[in-house]
Amino acid sequence: MAAHGLVHGELGLNCIHLCVDMQRLFGPGYPWAFPWLQKVLPAVEELCGSHPERTLFTRFIPAEREGDGRGTWQRYYRRWPEVTLERAGVEAVQLLPSLERFVPPAHVLDKKVYSPWSEGRLDHFMAEREIDTVIVTGGETDVCVLATVLGAVDRGLRVVLVTDALCSSSDATHDALMELYLSRFSQQIEAATTSEVLAQWR
């Protein structure tokens, strides 16, 4: 496994904090609640507060109703009808209350699938600002974070995972994915703590 820390140097102006799906939908009271979302929230808040104008929140937007979606997504929402907008309500897709205060100047990008790259809007956002580095927080480490990270790697972006600001509903697959990121993508992905990132983000 690769060494932890910012092994490729400090973080500069062409860097953005990409906070993945820190929404009420994944908080207490919802069927998809992440057990340790609240545990990582203070670290996420600290990063957002340090550079709110350099923060982009993604939000996962479920289907309108049971059975909607393309291909296997229809089966997916038949399995999870309680998280559709019809059942959960539009408030479920909102950011967690303590993160809403950062918007604006922080940005929000909505997506209907795991990856934020699929519709091209994130590519445009990155190109417009000449972003070459993404600091990734949020959840889940093994689902939407995975899709976000692999898309960034494919685009040649430097990826920094903030180890104390990532969460999942599964400890086992979180640990497995962290090992995968750092053992198989060691030239493209780094892992650092919130304090390490803040110390090196100019």
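# Values set against definitions

Tutor: The end C-alpha atoms of residues 16–191 lie 15 Å apart, and the span is 36% helix and 20% strand. Helices (H or I, at least four residues) and strands (E, at least two) are DSSP runs, numbered from the N terminus. The model is a predicted one, in which local features need pLDDT of at least 70 and side-chain atom pairs count only at pLDDT 80 or more, while totals for chains, interfaces and linings use all residues. Residues are numbered from 1 along each chain as its sequence is written, and side-chain values use heavy atoms, with hydrogens and water left out.

Student: What feature does UniProt place at residues 16–191?

Tutor: The unreviewed UniProt entry gives "domain: Isochorismatase-like" for residues 16–191. UniProt positions are in the numbering used here, feature names are shortened, and annotations may be inferred rather than shown by experiment.

Student: Why does the structure hold zero disulfides?

Tutor: A disulfide is a pair of cysteine sulfur atoms within 2.5 Å, and the structure holds zero such pairs. Cysteine 15 is in no disulfide, its nearest cysteine sulfur being that of cysteine 48, 13 Å away. The closest cysteine sulfur to that of cysteine 48 belongs to cysteine 19, at 5.0 Å, which is too far for a bond.

Student: Are cysteine 15 and cysteine 48 buried or exposed, and what makes them so?

Tutor: Buried means under 20% relative accessible area, exposed over 50%, and partly exposed in between (1.4 Å probe, protein chains only). Cysteine 15 has 0% relative accessibility and therefore counts as buried; cysteine 48, also at 0%, counts as buried.

Student: What makes helix α6 mostly covered?

Tutor: Eight of the 11 residues of α6 (residues 144–154) are buried, among them Cys144, Val149 and Val153. The cover over these buried residues includes β1 (15–20), β4 (133–139), β5 (158–167) and α7 (171–184); contact means heavy atoms within 4.5 Å. Strand β5 is itself mostly covered, with eight of its 10 residues buried.

Student: How do you know that β4 and β5 pair?

Tutor: Two strands pair if DSSP finds at least two bridges between them. Six bridges join β4 to β5, which run parallel, so the pair satisfies the criterion of at least two. In this pair, valine 136 stands opposite leucine 161 in β5. Likewise, β1 and β2 (residues 55–60) pair in the parallel sense over four bridges, with histidine 17 opposite threonine 55 in β2.

Student: Which strands stand at the edges of the sheet, and what makes them edges?

Tutor: The open sheet of six strands has the order β3-β2-β1-β4-β5-β6, with parallel pairing. β3 and β6 each have a single partner strand, so one side of each is left without a neighbour in the sheet.

Student: Why is the pair of phenylalanine 26 and phenylalanine 34 called stacked?

Tutor: Rings of Phe, Tyr and Trp (its six-membered ring) pair if their centres lie within 6.5 Å; planes under 30 degrees apart count as stacked, over 60 as edge-to-face and the rest as tilted. A search of the whole structure finds 12 aromatic pairs. The rings of phenylalanine 26 and phenylalanine 34 have centres 4.8 Å apart and planes at 20 degrees, so the pair is stacked. Phenylalanine 26 is buried at 6%, and phenylalanine 34 is buried, at 6% as well.

Student: Why is the pair of tyrosine 76 and tyrosine 77 called edge-to-face?

Tutor: The ring centres of tyrosine 76 and tyrosine 77 lie 5.1 Å apart with planes at 85 degrees, so the pair is edge-to-face. Tyrosine 76 is partly exposed, at 22%, whereas tyrosine 77 is buried, at 2%. Both tyrosines belong to a cluster linked by ring pairs that also includes Phe26, Phe34 and Trp73.

Student: What makes aspartate 21 and glutamate 130 notable in their backbone angles?

Tutor: Most residues other than glycine have a negative phi, and most peptide bonds are trans. Aspartate 21, in the loop between β1 and α1, has a positive phi near 55 degrees. Glutamate 130, in the loop between α5 (121–129) and β4, has a positive phi of about 55 degrees. Aspartate 21 is buried at 0%, whereas glutamate 130 is exposed at 60%.

Student: Which peptide bonds are cis, among them those leading to proline 104 and glutamate 140?

Tutor: The bond from valine 103 to proline 104 is cis, with omega near -20 degrees, and the bond joining glycine 139 and glutamate 140 is cis, with omega about -10 degrees. Proline 104 is found in the loop between α4 (97–100) and β3, and glutamate 140 in the loop between β4 and α6.
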